[in-house]
Amino acid sequence: MEKLFAEELDGLRARSLDRHLRELSSAQGPEVEIGGRQLINFSSNDYLGLANDSRLRDAAIAAIAEFGVGAGASRLISGTQSSHLALERALAKWKRTEAALCFSSGYAAALGTIPALVTKKDVVLLDKLCHASLLDGAKLSGAVLRVFPHNHVAKLESHLRWARRQYPGKRILIVTESVFSMDGDRAPLRELVELKKSFGALLMLDEAHAIGVIGPNGRGLAAAENLNNDVDVQMGTLSKALGTSGGYICGSRTLIEWLINRARSFIYSTAPSPAVVAAALAAVGFLASSKGEERRLLLWEKIRWMRELLLSCASERFQDASRNSQLATLNSVSGSAIFPLIVGDEQAALNLASTLRDEGFLVPAIRYPTVGKGSARLRITVTAAHQEDQIRSLCEAIRK
Ligand SMILES: *Cc1c(COP(=O)(O)O)cnc(C)c1O
């Protein structure tokens, strides 16, 4: 057995697809320490710079003083403490939905929710670039799964027609993301809502990279497009712009009651630690405040900076067809804090990331299976906490 895995690992290495952990000896932030070196960090999803914010830290410390560190049981046994309910009330109020439910991670939210919504003979229609947690949730549900090409509304429509014909009277669940995690582009939400209405389907939207970034007070894409009541299941995570950890589902009271009864990752898992929950509650409070809105607008300033500088260096750095597709990509992703520089070859992406690391920048190379084979990329993320000269120096390094 040892030998079997060793050979498989050799195979991964030969294809430049092996992965390794990197030790950070500092808190998350625009600068991190790795192996005794300070690196400027363009790899995190801490878009608002809250992961090490004093408001969140203080809230966590106060919660530890009052509630200790462990919740002690699952939510339905005796793990539901005041802070869990306070967080859920705050999430529902902020997202303007009837109710909300927290999970210990976004991954757990997807894995518990989709199988609670659909089962054998129901149909899940999933965007090709959806996050692994959504795909895994769909597979676990046992429903018939069809993947539609990325953001391809016409293909989705033909899948819907097929599903209605093939599985009459069954549930159809459309699953997509508001901002795609490795590409940074947005879903055509308005068109999706029209389709789901005309086919009587359910729509689940993963707002992981949109909350805190898009829409009034960072409420996400559904809120930004005024479609809050048309998205049946609003999923998100507390681990990105909100700087802590945990996942959530927002929606109708009936939906949340159903999930409390049926979502196995919620039922059979210990409640999140009160410290994390209190920090998340502080993060939601911050986002809903005018200071939070200021921070979000500051992030957008940094996004515009990054986009302009990357566009100007991409037009010098990349050649011909590659340059045009790179510019097209950068143009299409101006709606989020995620900037993919598509390299293609896996080893070439690793080499670029390593060169940038030598220059003092942490920028991850993203490879198969996180993205398609041969579409390896550098994934640059910008946060409100980055200084303009840090962004400028990254772009200078890429230009070189
Ligand atoms: C990160 C992410 C998740 C998982 O959330 P965690 O809280 O990190 O488990 C789910 N969906 C998308 C799109 C993500 O990017």
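This note covers the domains, salt bridges, cysteines, backbone angles and two selected residues of a predicted model.

1. **Domain layout.** The domain assignment splits the chain in two. Domain 1 comprises 12-41 and 295-399, while domain 2 covers 54-287. Their C-alpha centres lie 27 Å apart. Domain 1 brings 15 residues to the contact, and domain 2 brings 18.

2. **Interface area.** The size of an interface is often given as the accessible area lost when the parts come together. Between domain 1 and domain 2, about 1,200 Å² is buried. Carbon and sulfur atoms give 56% of that area. On the domain 1 side, three residues stand out: Arg296, Ile338 and Arg379. Together they supply 37% of the area that domain 1 buries against domain 2, more than any other three residues.

3. **Polar links across the interface.** There are 8 residue pairs in polar contact between domain 1 and domain 2. The interface also holds 1 salt bridge. On the domain 1 side, α13 (290-317), β10 (338-344) and β13 (376-381) each supply at least two residues that touch domain 2. Of the elements of domain 1, α13 gives the most to this side, with 4 residues.

4. **Asp183 and Arg377.** Side chains of opposite charge can pair when their charged atoms come close. Here the side chains of Arg377 and Asp183 meet in a salt bridge, 3.1 Å from N to O. Arg377 sits in strand β13, and Asp183 in the loop between β6 (172-177) and α8 (189-199). The two are 194 residues apart in sequence. Arg377 is buried, at 4% relative accessibility.

5. **Arg295 and Asp53.** The salt bridge count for the structure comes to 13. One of them joins Arg295 to Asp53, with the closest N and O atoms 4.0 Å apart. Arg295 belongs to helix α13 and Asp53 to the loop between β2 and α2, so the pair ties together parts 242 residues apart in sequence. Asp53 is buried, with a relative accessible area of 9%. Shared salt-bridge partners join Asp53, Arg55 and Arg295 into one network.

6. **Arg75 and Glu88.** This salt bridge has its closest N and O atoms 2.9 Å apart. Arg75 is in helix α3 (residues 75-79) and Glu88 in helix α4, 13 residues apart. Both ends are buried: Arg75 has 9% relative accessibility, and Glu88 has 8%.

7. **Cysteines.** The structure holds 0 disulfides. Why is Cys102 unpaired? Its sulfur is 8.2 Å from the closest cysteine sulfur, in Cys250, which is too far for a bond. Cys395 is in no disulfide either; the nearest cysteine sulfur, in Cys313, is 5.0 Å away. For comparison, the cut-off for a disulfide is 2.5 Å between sulfur atoms. Cys102 is buried, at 4% relative accessibility. Cys395 is buried too, with a relative accessible area of 1%.

8. **Ile256.** This residue is in helix α10 (residues 253-262). Ile256 is buried, at 5% relative accessibility. Ile256 and Cys102 are 154 residues apart in sequence, yet their C-alpha atoms are 9.9 Å apart in space. Beyond its neighbours within four places in sequence, Ile256 is in contact with Ala99, Ala100, Leu101, Ile249 and Gly251.

9. **Ser44.** Ser44 lies in the loop between β2 (37-41) and α2 (54-67). Ser44 is buried, with a relative accessible area of 11%. A polar atom of the Ser44 side chain lies 3.1 Å from the backbone nitrogen of Asp46. Setting aside neighbours within four places in sequence, Ser44 is in contact with Gln28, Thr381 and Thr383.

10. **Backbone angles to check.** Most residues other than glycine have a negative phi, and most peptide bonds are trans. Which residues does the peptide bond with omega of about 5° join? Tyr368 and Pro369, through a cis bond. Pro369 is in the loop between β12 (365-366) and β13. Arg96 has a positive phi, near 55°. Arg96 lies in the loop between α4 (82-95) and β3 (99-103), and is exposed, with a relative accessible area of 58%. Asn151 also has a positive phi, of about 55°. Asn151 is in the loop between β5 (144-148) and α7 (153-166), and is partly exposed, at 21% relative accessibility.

Technical notes:
Residues numbered from 1 in each chain as written. Predicted model: local features only at pLDDT ≥ 70, side-chain atom pairs only at ≥ 80, totals over all residues. Heavy atoms only, no water. Buried < 20%, exposed > 50% of the residue type's maximum accessible area, 1.4 Å probe, protein only. Polar contact = N/O pair within 3.5 Å; in protein donor to acceptor, adjacent residues only side chain to side chain. Contact = heavy atoms within 4.5 Å. Domains from an automatic or database assignment. Buried area = accessible area lost by both parts, 1.4 Å probe.
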